[in-house]
Amino acid sequence: MKGRMDTELGSILIDTDVIATYAGSVAVECFGIVGMATVSVKDGLVKLLKKDSLKHGIQVELKDNKISLDFHVIVAYGVSISAVADNLISNVKYKVEEFTGMEMDKINIFVEGVRSID
């Protein structure tokens, strides 16, 4: 499904992969986020994703032209998870709404692991 905006000059369609990639790049800039994570269905292991595959740690759902995001993240050891989550939510909400022109419905954060920062 694609996000759709109608203007006087025509329609704009935004693919969910574009939204996921942008949201992932915003997320890894946030304090306390080590990176995006993916969980292997086969063995249940959590894997830290590389910078070029950020969209795989994010699920995007579009309903009535509102965006819902699910983030699977790995946070830095020793930081407040609630502070990191609040920071992530406010940054992503503002930047994704500005980027897409669509309203954010909800942002869910799943902390999949904790890592020390080298």
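This is a short tour of a predicted model, from the whole chain to its two helices.

**The whole chain**

Start with everything shown as a cartoon. The protein chain has 2 helices and 7 strands, and from the N terminus on you will meet them in the order β-β-α-β-β-β-β-α-β. Switch to a surface view next: the accessible surface comes to about 7300 Å², with 52% of it belonging to carbon and sulfur atoms. Of the 118 residues, 35% are buried. If you display contacts between residues at least 6 apart in sequence, 65% of them join residues at least 24 apart.

**Helix α1**

Now select residues 16-29, which form helix α1. Its 14 residues should span 20 Å at 1.5 Å a residue, and the end C-alpha atoms are 20 Å apart, so expectation and model agree. Zoom in on the start of α1, where a side-chain oxygen of aspartate 15 comes to within 2.9 Å of the backbone nitrogen of aspartate 17. Then colour the buried residues of α1: Thr16, Ile19, Ala20, Ala23, Gly24, Val26, Ala27 and Val28.

**Helix α2**

Move on to residues 81-100, helix α2. With 20 residues at 1.5 Å each, a span of 28 Å is expected; the end C-alpha atoms lie 27 Å apart, which agrees. Which residues of α2 are buried? Select Val84, Ala85, Leu88, Val92, Val96 and Thr100 to see them. They cover an arc of only 90° around the axis, so they sit on the same side of α2. Turn to the other side of α2 and you will find Asp86, Tyr94 and Glu98 exposed.

Finish at glycine 101, which follows α2 and has a positive phi, near 80°.

Conventions: Residues are numbered from 1 along each chain as its sequence is written. This is a predicted model: local features need pLDDT of at least 70, side-chain atom pairs count only at pLDDT 80 or more; totals for chains, interfaces and linings use all residues. Side-chain values use heavy atoms; hydrogens and water are left out. Helices (H or I, at least four residues) and strands (E, at least two) are DSSP runs, numbered from the N terminus. The expected span of a helix is 1.5 Å times one less than its number of residues. Buried means under 20% relative accessible area, exposed over 50%, partly exposed in between (1.4 Å probe, protein chains only). The arc is that of the directions from the helix axis to the C-beta atoms. A polar contact is a pair of N or O atoms within 3.5 Å; within protein, one must be able to donate a hydrogen and the other to accept it, and residues adjacent in sequence count only if both atoms are side-chain atoms. Contact means heavy atoms within 4.5 Å. Accessible areas come from the Shrake-Rupley method with a 1.4 Å probe; for residues, only the protein chains shown count as cover.
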